[in-house]
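Trainee: Could you take me through one part of this protein slowly, piece by piece? I'd like to see how the inside is put together.

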Amino acid sequence: INDYAFADTSIESIWIPSLFKKISKFAFFKCIKLKFVTFSENSELEFIDELAFASTAIELIVILSHVKVIGELAFFRCGQLKTVLFQENSELKIFDQRAFNFSSIEEIKIPDSVEAISDHVFNGCTRLKVAEISGNSELRLIGDFAFSFSSLTSFFVPQKSWNWEPTFYCLRKWNLWNCHPKTIILWFMITRFLLGSQCGKMQTI
């Protein structure tokens, strides 16, 4: 689906055939009446590009199993987007910067295949209360302010993730090498990617 293919139109729903591998930049940008996006079975979709669904009225999106990248600002300011689901055997690798910035997601379970949650991905998701990363996760990077200004009350990180190299890379600038690893990670989460969240409500990390 080409750049700006349906941008700023009045479509209310779209069915996307299996042959499309990419939803390009601004494809459905500012389709303010667009609520329903469905895909055919056996979809080959691999990329959701920059601002593809930004400023739409989507309430639910299912990320298909072959999607590898959710691009920068892909669902930016989707104020009615409450539910994001991932098909089984997800191949998703990257949440690019601000992918769900200012959406209304309430809960997110990161697929095991994901390697990077970039800067500001869930920034401004004020209804987001639960984020979960499973024990089998391939995650290696959580970017700056990735969950800032959210309402997280629970953030589950598997124990093996205490040794994320990119996390320590980020911390080199702050000269915290003498801290216990778990203390460093907690400091990192609270002051960098959780900055601005309602940490007073945080019950579980």
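**A close look at the inside**

Mentor: Let's begin at a spot between inside and outside: Arg-77 is partly exposed, with a relative accessible area of 46%. Keep in mind as we go that this is a predicted model. You'll find Arg-77 in the loop that runs between β6 (69-70) and β7. Its backbone is worth a glance too, since phi of Arg-77 is near 55°, a positive value in a residue other than glycine.

From Arg-77 we can hop over to Leu-51. The two are 26 residues apart along the chain, yet their C-alpha atoms are separated by 9.8 Å. Leu-51 sits in a loop as well, the one between β4 (47-48) and β5. Is Leu-51 buried or exposed? With a relative accessible area of 10%, Leu-51 is buried, because the cut-off for buried is under 20%. Setting aside neighbours within four places in sequence, Leu-51 is in contact with Phe-26, Phe-29, Glu-72, Leu-73, Ala-74 and Phe-76.

Leu-51 also belongs to a core of seven residues, whose members include Ala-7, Phe-29 and Leu-73. That core lies apart from the largest nonpolar core, so let's go there next. In soluble globular proteins, nonpolar side chains tend to be buried together.

The largest nonpolar core has 48 residues, and the ones that touch the most other members are Phe-75, Phe-95, Phe-100 and Phe-122. Which elements give two or more residues to this core? They are β1 (13-16), β3 (36-39), β5 (60-63), β7, β9 and β11 (130-133).

Now zoom in on Phe-122. Leaving out residues within four places in sequence, Phe-122 has contacts with two of the other phenylalanines just named, Phe-95 and Phe-100. Its contacts also take in the isoleucines Ile-105, Ile-108, Ile-110 and Ile-117. Leu-128, Ala-146, Phe-147 and Ser-148 complete the list for Phe-122.

His-120 is another one to find on your screen, in the loop between β10 (116-117) and β11. At 16% relative accessibility, His-120 counts as buried. His-120 has a positive phi of about 65° although it is not a glycine.

What about open space? The largest pocket holds about 270 Å³. Its lining is made of 18 residues, and the closest to its centre are Val-84, Leu-85, Phe-86, Lys-109 and Ile-110. Two elements, β7 (83-86) and β9 (107-110), give two or more residues to that lining. By class, the lining splits into six nonpolar, six polar and six charged residues. Notice that Ile-110 is among the contacts of Phe-122, and that β7 and β9 are also among the elements giving residues to the largest core.

For a contrast, look at Ile-32, in the loop between β2 (22-23) and β3. Ile-32 is exposed, because its relative accessible area of 62% lies over the 50% cut-off. Even so, Ile-32 touches Thr-9, Ser-55 and Ala-57, not counting residues up to four places away in sequence. The C-alpha atoms of Ile-32 and Ala-54 are separated by 9.2 Å, with their positions 22 residues apart along the chain.

Now step back to the whole protein. It has two helices and 13 strands, and 49% of its 205 residues count as buried. Among contacts with a separation of 6 or more, 46% join residues 24 or more positions apart. On the outside, the protein exposes about 10,300 Å², and carbon and sulfur atoms supply 51% of it.

Conventions. Residues are numbered from 1 along each chain as its sequence is written. This is a predicted model: local features need pLDDT of at least 70, side-chain atom pairs count only at pLDDT 80 or more; totals for chains, interfaces and linings use all residues. Side-chain values use heavy atoms; hydrogens and water are left out. On a 1 Å grid over the protein atoms alone, a cavity is a set of points where a 1.4 Å probe fits but cannot get out, and a pocket is an open set with protein on both sides within 12 Å along at least five of seven lines; lining residues have an atom within 4 Å of a point. Grid points are joined across faces, edges and corners, and a volume is the space filled by probe spheres set on the points. Helices (H or I, at least four residues) and strands (E, at least two) are DSSP runs, numbered from the N terminus. Ala, Val, Leu, Ile, Met, Phe, Trp, Tyr, Cys and Pro count as nonpolar, Asp, Glu, Lys and Arg as charged, and the others, Gly among them, as polar. A nonpolar core is a set of buried Ala, Val, Leu, Ile, Met, Phe, Trp, Tyr and Cys residues joined through side-chain atoms within 4.5 Å. Buried means under 20% relative accessible area, exposed over 50%, partly exposed in between (1.4 Å probe, protein chains only). Contact means heavy atoms within 4.5 Å. Accessible areas come from the Shrake-Rupley method with a 1.4 Å probe; for residues, only the protein chains shown count as cover.
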